[in-house]
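Here is a walk through one model, taken a feature at a time. Have the coordinates open and follow along.

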Amino acid sequence: MSVLLSGGSGLLGVHLRALAPSIIAPPRAEMDVTRRDEVTRALDTYRPRIVVHAAALIATARCRERLEECLEVNVAGTVNVARTCAAYGVRLVYISTDYVFDGARGNYSEEDIPHPLNEYGRSKAAAELVAACVKEHLIIRTSFCDRTAWRSPTAFTDQYTSKDTVDVIAPEVLAAALSRLSGTLHIGTDRKSQYEIARRIDPRVRPIRLSEVPGPLPRDTSLNSARWTAHKATLRAEANS
């Protein structure tokens with residue numbers, strides 16, 4: 001089943017391509033998602049059955065400081081991808097984030113209503129609504145990080161997540177993309193603090209608290225992945241029957 005990937009040079013994209021070398025991942029010079037004509041040309045050229053849309057502007061501070069670019073890439077770019085997928089009758093798998101939630105309680109299920117706190121989360125929540133307009137769609141909310149380096153010298157001891165390293169998350173995302181699941185899906189691992197996972201990657205990381213940084217950040221965006229866990233259990237049972 002042919003798969004076209006946006007954001008193939010990003011952290012998740014690189015790992016997806018390593019897992020499935022047949023994935024078609026045009027570079028941004030060929031398929032810039034902010035240019036609808038390039039998205040259309042790519043689908044017309046490669047004729048994929050699935051589009052995995054992972055291209056995005058990430059990081060809360062960057063999205064706050066570069067709001068116009070954030071909206072252009074995360075929202076308008078998703079409009080371009082969704083419109084083209086709808087026109088070609090292609091399945092759209094949209095990679096979203098746990099930051100669509102405000103973090104007030106954690107353990108969020110797919111039925112919980114998004115309530116983002118910052119520009120990044122709001123742009124991704126808006127893009128989810130766009131992706132959901134495509135008849136055959138799957139919105140995957142997840143969070144991941146590099147397994148070789150933590151991007152900051154500090155990590156929050158009072159911010160909780162289901163994030164895991166990308167080598168753990170990428171195979172799950174690929175399996176979900178290739179599945180028959182539709183709607184919204186949460187993929188994550190155990191609930192942990194950002195500091196806990198950061199220390200697994202780099203023991204030199206120093207602790208910090210949310211109150212020590214400016215800007216609103218969610219306290220607990222841990223995800224309930226029961227739907228995905230149940231689906232995998234069903235597949236195992238079918239394979240063993």
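## Cysteines, rings and one kinked helix

There are zero disulfides in this structure, which is a predicted model. Take Cys70 to begin with: its nearest cysteine sulfur belongs to Cys63 and sits 3.6 Å away, and Cys70 is in no disulfide. Since the cut-off for a disulfide is 2.5 Å between the sulfur atoms, that pair does not count. Cys70 is buried, with a relative accessible area of 0%. Cys133 is in no disulfide either; for Cys133 the nearest cysteine sulfur is that of Cys85, 12 Å away. Cys133 is exposed, at 66% relative accessible area.

Now for helix H4, which covers residues 67-88. H4 has 22 residues and spans 31 Å from first C-alpha to last, close to the 32 Å expected at 1.5 Å a residue. Where is the kink in H4 centred? On Ala76, with a bend of about 30°. Just after the helix comes Gly89, with a positive phi near 65°.

Plenty of H4 is tucked away: the buried residues are Cys70, Val73, Asn74, Val75, Gly77, Thr78, Asn80, Val81, Ala82, Thr84 and Cys85. As background, an α-helix has 3.6 residues a turn, so residues three or four places apart point the same way. What do the buried residues of H4 pack against? The partners are helices H2 (36-46), H3 (60-65) and H5 (119-131), along with strands S2 (50-53) and S3 (91-97).

Asn80 is a good residue to zoom in on, as it belongs to H4. Asn80 is buried, with a relative accessible area of 10%. Leaving out residues up to four places away in sequence, Asn80 touches Val33, Thr34, Arg35, Arg36 and Val39.

From strand S3, pick Leu92. Leu92 counts as buried at 0% relative accessibility. Beyond its neighbours within four places in sequence, Leu92 has contacts that include Val81, Ala82 and Cys85, which are among the buried residues of H4. Also in contact with Leu92 are Val51, His53, Ala131, Val134, Glu136, His137 and Leu138. Leu92 and Val79 are 13 residues apart in sequence, and their C-alphas are 12 Å apart in space.

Moving past S3, the loop between S3 and H5 holds Ala104. Is Ala104 buried or exposed? Ala104 counts as exposed, because its relative accessibility is 55% and the cut-off for exposed is over 50%. Apart from neighbours within four places in sequence, Ala104 is in contact with Arg219 and Asp220.

Asn107 is found in that loop between S3 and H5 too. It is not a glycine, yet Asn107 has a positive phi of about 55°. At 46% relative accessibility, Asn107 counts as partly exposed. Ala59, in the loop between S2 and H3, is another non-glycine with a positive phi, about 80°. For context, most residues other than glycine have a negative phi.

On to the rings. The count comes to two aromatic pairs. One of them is Phe101 with Tyr108, a stacked pair at 4.2 Å centre to centre and 0° between the planes. Phe101 is buried at 1% relative accessible area, and Tyr108 counts as buried at 5%. Elsewhere, the charged end of Arg191 sits over the ring of Tyr160, 4.1 Å from the ring centre.

Trp228 is found in helix H8, residues 226-240. With 4% relative accessibility, Trp228 counts as buried. What does Trp228 touch, not counting residues up to four places away in sequence? The list is Glu172, Ala175, Ala176, Leu181, Leu185, His186 and Ile187.

To finish, here are some sequence separations next to C-alpha distances in space.

| Pair | Apart in sequence | C-alpha to C-alpha |
|---|---|---|
| Leu92 and Val79 | 13 residues | 12 Å |
| Ala104 and Met31 | 73 residues | 38 Å |
| Trp228 and His115 | 113 residues | 22 Å |

Definitions and conventions:
Residues numbered from 1 in each chain as written. Predicted model: local features only at pLDDT ≥ 70, side-chain atom pairs only at ≥ 80, totals over all residues. Heavy atoms only, no water. Helix = DSSP H or I, 4+ residues; strand = E, 2+ residues; numbered from the N terminus. Expected span 1.5 Å × (residues − 1). Bend = angle between axes of the 7 residues up to and from the residue. Buried < 20%, exposed > 50% of the residue type's maximum accessible area, 1.4 Å probe, protein only. Contact = heavy atoms within 4.5 Å. Phe/Tyr/Trp six-rings, centres within 6.5 Å; stacked < 30°, edge-to-face > 60°. Lys NZ or Arg CZ within 6 Å of the ring centre and 35° of its normal.
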